[in-house]
Amino acid sequence: MQTHFTAAQLAEARTATSEAVIRKCVRCGFCTATCPTYVLLGDERDSPRGRIYLIKDMLERQRKPSSETVKHVDRCLSCLACMTTCPSGVHYMHLVDHARAYIERNYKRPWSERLIRRLLAEILPFPRRFRAALRMARLGRPLVPFIARFQSLKPLASMLALAPRHMKRSAETRTTLPDSARGRVALLRGCVEPVLQPEIQQAAIRVLNRVGFEVLRAPGEACCGALVHHMGREADALVAAKRNVDAWTRLIDDGGLDAVIITASGCGTTIKDYAFMLREDAGYREKAARISRLAMDISEFLARYELPKLQMHEITVAYHSACSLQHGQKVTDAPLRLLTAAGYDVRTPRESHLCCGSAGVYNILQADIANRLGDRKAWHLAALGADVIATGNIGCATQIAARADTPVVHTIELLDWATGGPKPTAMEQ
Ligand code: SF4
Ligand code: SF4
């Protein structure tokens, strides 16, 4: 795509990077076929190609973004299906991240949007605040039909509706040092996952121990920054990234690490991008690049090893591939191979490349589109007639479980069960 940035604009590294991304686009339109918002809405401005044009125009003119541009960028799920499809190698993720940060700095949203975004940024990345908010949300749930009548309060209604009916206790599983330890890894604790589904990381610790790895928690590590990053709150995201880089660097310096393991693939995509996010920071550039190289999804890591002591459970599994895993990290075969090797009959749904609508806080901020995508995904998964649905991202699990009759679990819970761990709790209910 032709661009018209000035030399002064291109002197800024951020703009120069985005310009290079835009120029790679040959406007072929292949990406429109796999873009969920274009598939649903049929509007070129809700396609990757249309958004690239809108972002180019916004950045070139360097003026206040129009509400139309903001609307179409906000509707993007950051699912990155377009990056998988693009034959030209357009790095849409870095472009849309830049656009979101630009919008955040230069556009004043209506008060209700500012309030809800502020609430999300101040609550979700902090487990204690999130847990307290979920308790309060349960009390507010009966008000959802009333609140949902007001367009500006719809995100609040979606937030209340998504709150789980029952809170789980988040006890830490003790990691044991295997007799013949192969090495040691750090496991990201993160923010939302251990509050909503503490059993996921408990299962991960048990399986990693069985495979022969000591599992460490890095003191000081917290939310990876993905949630605020996707809302354009760049400064907050960089603070989170640096805090985690420091935390894992201390572990590396104090005995080494074989990998930084992530069980929520949305977080994994962001941590693998720390090298890019901190590339202009001389104090962090190299440390961040080292952490990004060590970052691995739990399935990607386990696929290197043989699973021990298998106990076969003859059930069928519908596997939902999270966008952050298949498009963001290009991890596609590992979860399927592991589940199959563990003895499960694994099936994949139609339209497996399309997003379920979760996408971080998208199902709160863009509830209408998210609900349509969620229902479509749940329908395709139900058509498989499986005993259980497995996925590798807590956001997808929550989105699908809200509309599926079949239990939804994390892939690692099934691998844990097959290697001597407990049956996943969602399958006991
Ligand atoms: S597929 Fe790639 S090159 Fe073609 S229009 Fe989409 S982003 Fe541009
Ligand atoms: S990231 Fe997803 S929603 Fe956004 S433009 Fe690409 S395919 Fe469409």
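Select ligand 1 to start the tour and show the 14 residues around it, of which Cys 25, Cys 28, Cys 31, Cys 86 and Ser 88 come nearest. If you then colour the chain by secondary structure, you will find that α4 and α6 are the elements that give two or more residues to this shell. Colouring the shell around ligand 1 by residue type instead divides it into nine nonpolar, three polar and two charged residues. Keep in mind throughout the tour that what you have open is a predicted model.

Move next to ligand 2, which has 13 residues around it, and pick out Cys 35, Pro 48, Cys 76, Cys 79 and Cys 82, the ones that come nearest. Here at least two residues of the shell come from each of α3 (36–41), α4 (48–61) and α6 (81–85). By type, the shell around ligand 2 holds ten nonpolar residues, two polar ones and one charged one.

Now zoom out until the whole chain is in view, and switch to a cartoon display, in which 26 helices and eight strands make up the secondary structure. The radius of gyration of the chain is 21 Å, close to the 22 Å that the globule rule gives for 429 residues, so the chain is as compact as a globular protein of that length. If you turn the C-alpha trace along its principal axes, the spans you see are about 60 × 50 × 40 Å. Of the 429 residues in the chain, 48% are buried.

With the overall picture in place, select strand β1 (residues 183–187) together with β2, and you will see the two paired in the parallel sense over four bridges. To find one of these contacts, select Arg 184, whose bridge partner in β2 is Glu 214. Which residues lie on the covered face of β2, and which on the uncovered one? Phe 213 and Val 215 are on the covered face of this strand (residues 213–216), whereas Glu 214 and Leu 216 are on the uncovered face.

Keep β1 on the screen and add β3, which pairs with β1 in the parallel sense over three bridges. Leu 187 is a good residue to select here, and opposite it in β3 stands Ile 261. In strand β3 (residues 259–262) both faces are covered, with Ala 259 and Ile 261 on one side, Val 260 and Ile 262 on the other, and all four buried. Going on from β3, select strand β4 (residues 295–297), which pairs with β3 in the parallel sense over three bridges, and look for Asp 297 in β4, which stands opposite Ile 262.

Further along the chain, select strand β5 (residues 316–320) and β7, which pair in the parallel sense over four bridges. Tyr 319 stands opposite Ala 390 in β7. If you show the side chains of strand β7 (residues 388–391), Val 388 and Ala 390 point one way, Ile 389 and Thr 391 point the other way, and all of them are buried. Add strand β8 (residues 408–410), which pairs with β7 in the parallel sense over three bridges, and you will find Val 409 of β8 opposite Ala 390.

The helices come next, beginning with helix α8 (residues 111–123), whose 13 residues reach 18 Å from the first C-alpha to the last, close to the 18 Å expected at 1.5 Å a residue. Within α8, select Ile 116, Arg 117 and Leu 120, which are buried. Looking down the axis of α8, you will see its buried residues fall within an arc of 95°, so they line one face of the helix. An α-helix has 3.6 residues a turn, so residues three or four places apart point the same way. On the face of α8 turned away from the buried side, select the exposed residues Trp 111, Arg 114 and Arg 118.

Then go to helix α23 (residues 367–382), whose 16 residues should span 22 Å at 1.5 Å a residue, which agrees with the 22 Å between its end C-alpha atoms. Several residues of α23 are buried, among them Ile 369, Leu 373, Arg 376 and Lys 377.

For the last stop, find Ile 252 in helix α15 (residues 234–253). Is Ile 252 buried or partly exposed? It counts as partly exposed because it has 16 C-beta neighbours inside 10 Å. Finally, draw a distance between the C-alpha atoms of Ile 252 and Cys 356, which are 104 residues apart along the chain and are separated by 36 Å.

Notes: Residues are numbered from 1 along each chain as its sequence is written. Chains are lettered from A and ligands numbered from 1 in the order in which they are written. This is a predicted model: local features need pLDDT of at least 70, side-chain atom pairs count only at pLDDT 80 or more; totals for chains, interfaces and linings use all residues. A residue is buried if 20 or more other C-beta atoms lie within 10 Å of its own, exposed if 12 or fewer, and partly exposed in between; C-beta atoms are placed from the backbone. Two strands pair if DSSP finds at least two bridges between them. A residue is near a molecule or strand if its C-beta atom, placed from the backbone, lies within 6 Å of it. Ala, Val, Leu, Ile, Met, Phe, Trp, Tyr, Cys and Pro count as nonpolar, Asp, Glu, Lys and Arg as charged, and the others, Gly among them, as polar. The expected span of a helix is 1.5 Å times one less than its number of residues. The arc is that of the directions from the helix axis to the C-beta atoms. The radius of gyration is taken over C-alpha atoms; the globule rule is 2.2 Å times the number of residues to the power 0.38.
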